[in-house]
Amino acid sequence: MAIVYQKPKALTDKPFHYCPGCTHGIIHRLVAECIDELGIQDRTIGVAPVGCAVFAYDYFNVDMLEAAHGRAPACATGVKRVNPNNIVFTYQGDGDLASIGCAEIVHAANRGENITVIFVNNAIYGMTGGQMAPTTLVGQVTTTSPYGRDPMSAGYPIRISEMLSQLEGPALVERVSVHDVKNVVNAKRAIKKAFQNQIDGKGFSLVEVLSTCPTNWGKTPQEALKWLQENMIPQYPLGVFKDKEAK
């Protein structure tokens, strides 16, 4: 019997620890499928940060290292420069990349480092109790904004993709989502292109993936998918923000 669907070789057999309805698992699979299809598993190195994705080294069947909170781009830069023939990627949440790691990602992008960044944006700190993140929406309730995010005291949500696309260094900056089948297919296309850019030596590529956090949003998995579509996408529109190849 022909096999039409199976676990990617770039994923281990370790069961995911993520909460029911969290889309980290979908994104993990997409990354692993791209690694398999590009034939780069034996030379890929991933960088796991602090946060919900801290155990990524248990799930990706490639060489992995763990970085201090927010420092994954700096670690990836070092690894790539020492091992230019390896394919290096970071897998970071918004609390990691857009907050304590904001300077790291800006300068890695500005230098055009030949790495691939998978940026998972669920608009909240997931692992540490649901605090307000730099990406939390105006009016969104979190444990540290119980009356909703007030821009007068907490500022406005940071649009990382829009910000990085203004720099000269990046080769690709794109925002996608995984809230339905059509968008999952599109997300895989973007992730695969980000890896292909690195293989081709085109420089820094970042794919921002809008994700859910049912537990800290206080919603069912189904409600969370709908909330993402109705609330996050208007704040964080999907699309390609920079693609040097297209020019």
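Helices here are DSSP runs of H or I with at least four residues, and strands are runs of E with at least two, both numbered from the N terminus.

**Figure 1. The whole fold, ten helices and seven strands in a predicted model**. Counted that way, the protein has ten helices and seven strands. Its radius of gyration is 17 Å, close to the 18 Å that the globule rule gives for 247 residues, so the protein is as compact as a globular protein of that length. Lay a box along the principal axes and the C-alpha atoms fill roughly 50 × 50 × 35 Å.

**Figure 2. Inside and outside of the protein.** Of the 247 residues, 55% are buried. Look at contacts with a separation of 6 or more, and 68% of them join residues 24 or more positions apart. On the outside, about 10900 Å² is exposed, with carbon and sulfur atoms supplying 55% of that area.

**Figure 3. Charged side chains.** There are 23 positive and 23 negative side chains to pick out here. The centres of the two sets lie 3 Å apart.

**Figure 4. Close-up of Y156, in the loop between α6 and α7**. The helices on either side are α6 (151-154) and α7 (160-164). Y156 has 54% relative accessibility, and since the cut-off for exposed is over 50%, Y156 counts as exposed.

**Figure 5. The contacts of Y156.** Skip the neighbours within four places in sequence, and Y156 is in contact with P134, V138, R149 and P151. T136 is worth finding in this view too: T136 and Y156 sit 20 residues apart in sequence, with 8.2 Å between their C-alpha atoms.

Notes
Residues are numbered from 1 along each chain as its sequence is written. This is a predicted model: local features need pLDDT of at least 70, side-chain atom pairs count only at pLDDT 80 or more; totals for chains, interfaces and linings use all residues. Side-chain values use heavy atoms; hydrogens and water are left out. The radius of gyration is taken over C-alpha atoms; the globule rule is 2.2 Å times the number of residues to the power 0.38. Buried means under 20% relative accessible area, exposed over 50%, partly exposed in between (1.4 Å probe, protein chains only). Contact means heavy atoms within 4.5 Å. Accessible areas come from the Shrake-Rupley method with a 1.4 Å probe; for residues, only the protein chains shown count as cover. Lys and Arg count as positive and Asp and Glu as negative; His and the chain ends are not counted. The place of a charge is taken as NZ of Lys, CZ of Arg, CG of Asp or CD of Glu.
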